[in-house]
Amino acid sequence: MANSLTIAGIDAGYGAVRVLDGVSLTVGAGETVALLGTNGNGKSTLMKSVMGMVRPSKGSIKAVIDGNEHELIGRSTEEIVDLGIGFVPEGRRLFPKLTVTENLLLGAFRPKARSQINRNLDFCLETFPRLKERAQQLAGSMSGGEQQMLALARALMSAPRILLIDEPSVGLAPVQVYGELRSVARDWSDQMAADGARSDACCAATAVLPPNQKSVERSG
Ligand SMILES: Nc1ncnc2c1ncn2[C@@H]1O[C@H](COP(=O)(O)OP(=O)(O)OP(=O)(O)O)[C@@H](O)[C@H]1O
Ligand SMILES: [Mg+2]
């Protein structure tokens, strides 16, 4: 097997408030899966559950990374990132008073990413030329869309096999963002293959649906 994420029957919430009830989702190798839902229906909670920031009371979350399977429930966020799972949180959480380059370098803190820092930095600056132009600009003074690119590039600097992105399209044109995301995910898979990854990286992202629509979509 390659790189994949399998969430099976998880329940999770905050104290007595149950947000997720028996949620299951699979993201296969090379897939980009978009999770759609109205405000407050638990998209971010699902991503936080994968990242060990919310602990599910039931179910399992299994990641296969370069052919090895790991149960994620019970692990710390640091361990999960260290396994090769990257996360772009809602609201980006950049370091506004640090430059674009400094934010990118901070993304590469896990040991495996440190050894590939120059190569992955080149990948990010080629993929997002705007970040190259603005390398010395403070992150907090970048436009909303530029900050989103930086948050995504910073997550790539952790050399992930599986990438989770919570609301990449905030303030941007969603159709264009999801198209670009797929192409970045494909290029990233090629980059990781050069590093001996056993197969395609995979990617999950969320987006907000208008309140009158309720559905979950998937696409390869
Ligand atoms: N730390 C918390 N403590 C208590 N309740 C919370 C907490 N975080 C989220 N919730 C509640 O859990 C529910 C799901 O929130 P979540 O952030 O997962 O939704 P979402 O689908 O990401 O929404 P949005 O589209 O607005 O980002 C909401 O009702 C929210 O109020
Ligand atoms: Mg959310």
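In this predicted model, strands β4 and β5 form a hairpin in which two residues lie between the strands. Asp66, in the turn, has a positive phi of about 50 degrees. The two strands of the hairpin, β4 and β5 (residues 68-71), run antiparallel and are joined by four bridges. Within this pairing, Val64 stands opposite Glu69 of β5.

Strand β4 (residues 58-65) also pairs with strand β1 (residues 4-14), again in the antiparallel sense, over six bridges. Here Ser60 in β4 is the bridge partner of Ala8.

From the strands, the description turns to the interior. In soluble globular proteins, nonpolar side chains tend to be buried together. The largest nonpolar core of this model has 55 residues, of which Val50, Cys124, Ala153 and Leu164 touch the most other members. Helix α7 (residues 144-156) gives the most to this core, contributing seven residues.

One of those four residues, Cys124, shows how the helix meets its surroundings. Leaving aside residues up to four places away in sequence, Cys124 touches Leu104, Leu131, Ala153, Leu156 and Met157. Of these contacts, Ala153 and Leu156 are among the buried residues of α7.

Helix α7 itself comprises 13 residues and reaches 19 Å from its first C-alpha to its last, close to the 18 Å expected at 1.5 Å a residue. Because ten of its 13 residues are buried, α7 is largely enclosed by the rest of the structure. The buried residues include the nonpolar Met149, Leu150, Ala151 and Leu152, and also Gln147, Gln148 and Arg154.

Methods. Residues are numbered from 1 along each chain as its sequence is written. Chains are lettered from A and ligands numbered from 1 in the order in which they are written. This is a predicted model: local features need pLDDT of at least 70, side-chain atom pairs count only at pLDDT 80 or more; totals for chains, interfaces and linings use all residues. A nonpolar core is a set of buried Ala, Val, Leu, Ile, Met, Phe, Trp, Tyr and Cys residues joined through C-beta atoms within 7 Å. A residue is buried if 20 or more other C-beta atoms lie within 10 Å of its own, exposed if 12 or fewer, and partly exposed in between; C-beta atoms are placed from the backbone. Two residues are in contact if their C-beta atoms, placed from the backbone, lie within 7 Å. The expected span of a helix is 1.5 Å times one less than its number of residues. Two strands pair if DSSP finds at least two bridges between them.
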